[in-house]
Amino acid sequence: MGRRRASRGPGAEGGRARRPPGRSLEAFAEEVGAALRAAAEPAAAESAAALPCPLAMWELGHCDPRRCTGRKLARLGLVRGLRLGHRFGGLVLSPVGAQCVSPADRQLVARSGVAVIDCSWARLDETPFEKMRGSHLRLLPYLVAANPVNYGRPCRLSCVEAFAATFCIVGFPDLGVILLQKFKWGKGFLDLNRYLLDKYAACSGPEEVLQVEQEFLASVKDRPQEEEVDPFDVDSGREFANPNRAVPSTQPPVETSDESEDQASEDEGGSGCSEEEEEEEEEEEKEKKEEEEETSGARAPATVWKGIKKRQRD
């Protein structure tokens, strides 16, 4: 009575066709190298690059379209959009994940790719995570954001930072570089988290990744914090310099050639003044002598005339 179900493929025997076996990690690594070389060309700065694994994103419209890194990757053709209710078979980065991303997910990423959830960190309660389904939900370990919106804030990564961190941890850092090259601040994310990314990539499983994260956070807490001192507190007992003025040196001043020349000219000027004073003194002495001679000459005739009168009276 009923119609017979047709076979879906050769050798399927009425069931689903089997997927072809996945490619090896060596072949995937070669494709990653080819993608990196293609991305290094000047013409590939704002064009789509063929990535060896699929990238996907559930976009909820919480973010500013001008600042959303996931939307920019989608415009470049690097990420495909997913609708609510769609399922993703690869690694899914989700806040409701049960374990961290680790190098054990290397084969999964190479075979099925990575998906992220583009939502606002301030609206997690409104996000329908149950409608974004996946078989391999993962969490990212402790990392610091470098995007302009949440720079320096821990665990507030953007979509491109989440993609890049996943690739670095599972052992494909070149793919993370390809994605971050599309943003001016992208290199800063790798520089800011270089130590932790290398530590996570050296682990074997999610348990070790979690242990490395806990050890790092404990070391940060044990690190002594720098004492904050108010430079305007006059009772602190510390000396502060005004950055708008030059700091006086504690060493004795060194005479420069200009100062020495000025001093020499002053010495020469002083000797000249002394010679002039001596000449003036000599002239004054001469004048005094002449006055004395004049006075003595004027007295001599008076004495002679007085003697003549006396002789006349005698």
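**Entry 1: helix H7**

I started with H7 and asked which of its residues are buried. I found Leu196, Leu197 and Tyr200 buried there. Looking down the axis of H7, I saw these buried residues fall within an arc of 100°, so they line one face of the helix. That fits the textbook picture: an α-helix has 3.6 residues a turn, so residues three or four places apart point the same way.

Next I looked up what covers them. The cover over the buried residues of H7 includes helix H4 (159–170), helix H6 (186–192) and helix H8 (206–222).

**Entry 2: how far to trust it**

A reminder to myself, and to you: this is a predicted model. The mean pLDDT of the protein is 75, and 64% of the residues reach 70 or more. Over residues 5–20 the pLDDT is below 50. I checked what that stretch touches beyond near neighbours in sequence, and it has four contacts in the model.

Which elements have the highest and the lowest mean pLDDT? Helix H7 (residues 194–201), my starting point, has the highest at 95, while helix H9 (residues 257–313) has the lowest at 61. I keep the usual caution in mind: where pLDDT is low, the predicted coordinates should not be read in detail.

**Entry 3: the overall tally**

I counted elements and got nine helices and six strands. Of the 314 residues in the protein, 32% are buried. The exposed surface comes to about 22300 Å², and carbon and sulfur atoms supply 49% of it. I also looked at contacts with a separation of 6 or more: residues 24 or more positions apart account for 70% of these.

**Entry 4: the sheet**

In what order do the six strands sit? I read E2-E1-E5-E3-E6-E4, an open sheet with parallel pairing. Strand E2 (80–82) and strand E4 (99–100) are the edge strands, and each pairs on one side only.

I then went through some of the pairs. For strand E1 (residues 55–59), I found parallel pairing with E5 over five bridges, where leucine 55 stands opposite valine 114 in E5. E1 also pairs with E2, again in the parallel sense, over three bridges; there methionine 57 stands opposite glycine 81 in E2. Four of the five residues of E1 are buried, so the strand is largely enclosed by the rest of the structure.

Strand E3 (residues 87–93) was next. Five bridges join E3 to strand E6 (residues 133–139), and the two run parallel. Arginine 87 stands opposite arginine 133 in E6, a pair I noted down for a later look. Two bridges link E3 to strand E5 (residues 114–118), also parallel, and valine 92 stands opposite alanine 115 in E5. Why do I call E3 largely enclosed by the rest of the structure? Five of its seven residues are buried.

**Entry 5: two loop residues**

I followed the chain out of E3 into the loop between E3 and E4, where serine 94 lies. Is serine 94 buried or exposed? At 4% relative accessibility, serine 94 counts as buried. Not counting residues up to four places away in sequence, serine 94 touches Ile117, Phe129, Leu137, Arg138 and Leu139.

The other loop I opened is the one between H6 and H7, which holds asparagine 193. Asparagine 193 has 1% relative accessibility and counts as buried. Leaving aside neighbours within four places in sequence, asparagine 193 is in contact with Leu143 and Val144. I also took one distance: asparagine 193 and alanine 146 are 47 residues apart in sequence and 9.2 Å apart in space, C-alpha to C-alpha.

**Entry 6: the cysteines**

Last job: how many disulfides does a search of the whole structure find? I got zero. I wanted the reason for individual cysteines, so I looked at two of them. For cysteine 155, the closest cysteine sulfur is in cysteine 100, 9.6 Å away, which is too far for a bond. For cysteine 203, the closest cysteine sulfur is again in cysteine 100, at 10.0 Å, also too far for a bond. The cut-off I used for a disulfide is sulfur atoms within 2.5 Å.

I added their accessibilities too. Cysteine 155 counts as partly exposed at 36% relative accessibility, whereas cysteine 203 counts as buried at 8%.

Key
Residues numbered from 1 in each chain as written. Predicted model: local features only at pLDDT ≥ 70, side-chain atom pairs only at ≥ 80, totals over all residues. Heavy atoms only, no water. pLDDT = per-residue confidence, 0-100. Contact = heavy atoms within 4.5 Å. Pairing = 2+ DSSP bridges. Buried < 20%, exposed > 50% of the residue type's maximum accessible area, 1.4 Å probe, protein only. Areas by Shrake-Rupley, 256 points an atom, 1.4 Å probe, with all protein chains shown as cover. Arc of directions from axis to C-beta.
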